[in-house]
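Hi there,

Here is the structure I promised to pass on. Have a look at it first, and my notes follow underneath.

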Amino acid sequence: MEGRNLDLTQGVIWKQLILFFLPILAGSIFQQLYTTVDAVIIGQFAGKSGLAAIDSVHNLLKLPLNFFTGLSAGATILVSQLFGGKQLRRLTQVARTAIAFSFAGGVLLSILGIVFAPACLDLLEVPQDIYSQTLSYVRIYFFGLSVSLLYNLGAGILRAVGNSRTPFSILLLSCSLNLVLDLFFVGFLRLGASGAAATTVLSQTVSALLILYVLIKSSDQLRIRDHAQTPDPRTAPAFDPSPSQKRDSLLRLFPFRIHRESLLSILRLGIPLGLQSSFYPIANMMIQTSINATGTDSIAAWALCGKLDFLIWLSTDALAAAISTFAAQNYGAKHYRRIQKGVASGLFITSGIVALLSILLYLFSGTIGKLFLHPADHDILPLVVSMMHFLAPFYLLYVFGEILSGAIRGTGETFLPMLVSLLGTCAARILWILFVVPGHPSILVILGSYPVSWFLTALLFSIYYLYIRRTRLSPSRR
């Protein structure tokens, strides 16, 4: 299952980016399809109460996961830079620290989540008719949070050294196992939301163990484990090993431990990314609240738009992740001119994909939308088409903000990009909803918060990138 690490500091840039990007995109698409099928199974066998129990706490469960995903991103940026600079001893230390910290943090969050779950559900005002199964779902989910964090971090470390195929293979296996277990626990045993949580924990445990196995067994640049020679029993000493020898043997078996210097470096890069990931849902929830106030048809039409344009977000985010790793590896190798060329190639590739998807959505959103609706509900299609006609010309703006921010993060800058994202995206959307929408409370005015935030974010990151290119990516710094 172990894939080949891709050295992004050499080779044809656009080919390297595509080879690295495609498994990430495929994994994202498969996960999206899995989520849809998973919801169908739960809806069919657990009914609307099961779906409601899961959906009612979606943002609660995403909050700690998003924060730790941001921390993991900080670790992977550091690993990519060290891999590019061929600082393999330091790379091993950072990877070991990140894995140990992720597991310890996951265990702590699990305990806190299980203990405070009732208080969280009361705060969210979960209805009494689904309270008990929601509480069970949340506690089971939190119980397995540490393995979810381990998989995400392990996958990030593998991608950081250019291996995007192995995480995809493990994700494919994990999602397939989850679907089978869903049919057994939810369909056959009728365990409802609790069964869905149990299948998630079990499948993520398998994926975490596989990721750890790949990391420990890696024998190339990513040497998580000290591959010491096994002593010959014919020449081994007869006396018992000393405590220090026993400790060294244990560390070779389970080599993950926290190094203070590495942890501080990870937190410096990762905390801004974690905070940024945690703040995004707040702005989007305010937009959703405004949409909810416009009526059921608008809610349904907007939900359908999310099913139509998901490829735009997945493609852009996957290429932004590829650019971030590309920039980090080449920054570590001091190939500054190559980073500039990679950013240009990434913008060109992503813009081409998004432009094609935007044209298709502009022309055929009504036709595609029929695939998701019962004929009796086709009356919302004109509203869907109106929304798509409004948003489609602006999707390209989103590309520049994501690709440029990914490149900047790859150079080790995460605090200022966090501020730019919070200002250009979160603050802009919140201010739009608070001050513009009340005077013009229509659905298209509400949706106007998106292109406005995309434009502002793209503008700010373009200025920021030009500054970074002149100061940190100048060939004269070699």
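**Helix H10 and its surroundings**

In this predicted model, the buried residues of H10 are Ser298, Ala301, Trp302, Leu304, Cys305 and Leu308. They sit on the same side of H10, because the arc they cover around the axis is only 160°. H10 itself runs over residues 296-308, which makes 13 residues. From first C-alpha to last, H10 reaches 19 Å, close to the 18 Å expected at 1.5 Å a residue.

What do the buried residues of H10 pack against? Their partners are the helices H9 (260-292), H11 (310-332), H12 (336-369), H13 (381-391), H16 (443-447) and H17 (449-471).

**H12 against H13**

Two of those partners, H12 and H13, are also worth viewing as a pair. Their axes come within 9 Å and cross at roughly 155°. Since angles over 145 degrees count as roughly antiparallel, that is how H12 stands to H13. The crossing in which H12 passes H13 is right-handed. On the H12 side, the residues that meet H13 are Leu361, Tyr362, Ser365, Gly366 and Gly369; on the H13 side they are Leu381, Val385, Met388 and His389.

**Helix H6**

H6 covers residues 165-188 and has 24 residues. Its end C-alpha atoms are 34 Å apart, which agrees with the 34 Å that the helix should span at 1.5 Å a residue. The buried residues of H6 include Ile170, Leu171, Leu181, Phe185 and Val186. Also buried in H6 are Thr166, Pro167, Ser174, Cys175, Asn178, Asp182 and Gly187. After H6 comes arginine 190, and its phi is positive, near 60°.

**Arginine 139**

Another arginine to look at is arginine 139, in helix H4 (residues 131-143). Is arginine 139 buried, exposed or partly exposed? Its relative accessibility is 32%, so arginine 139 counts as partly exposed. Not counting residues up to four places away in sequence, arginine 139 touches Ile114, Ala117 and Pro118. For proline 118, which is 21 residues away along the chain, the C-alpha atom is separated from that of arginine 139 by 9.4 Å.

**The chain as a whole**

Stepping back, the protein chain has 17 helices and zero strands. It has 478 residues, of which 49% count as buried. Among contacts with a separation of 6 or more, 84% come from residues 24 or more positions apart.

Happy to talk it through whenever suits you.

Best wishes

Definitions and conventions: Residues numbered from 1 in each chain as written. Predicted model: local features only at pLDDT ≥ 70, side-chain atom pairs only at ≥ 80, totals over all residues. Heavy atoms only, no water. Helix = DSSP H or I, 4+ residues; strand = E, 2+ residues; numbered from the N terminus. Expected span 1.5 Å × (residues − 1). Buried < 20%, exposed > 50% of the residue type's maximum accessible area, 1.4 Å probe, protein only. Arc of directions from axis to C-beta. Contact = heavy atoms within 4.5 Å. Axes fitted to C-alpha atoms, helices over the stretch in contact; angles between N-to-C directions. Parallel < 35°, antiparallel > 145°, perpendicular 65-115°, else oblique. Left-handed = near helix turned anticlockwise from the far one by under 90°.
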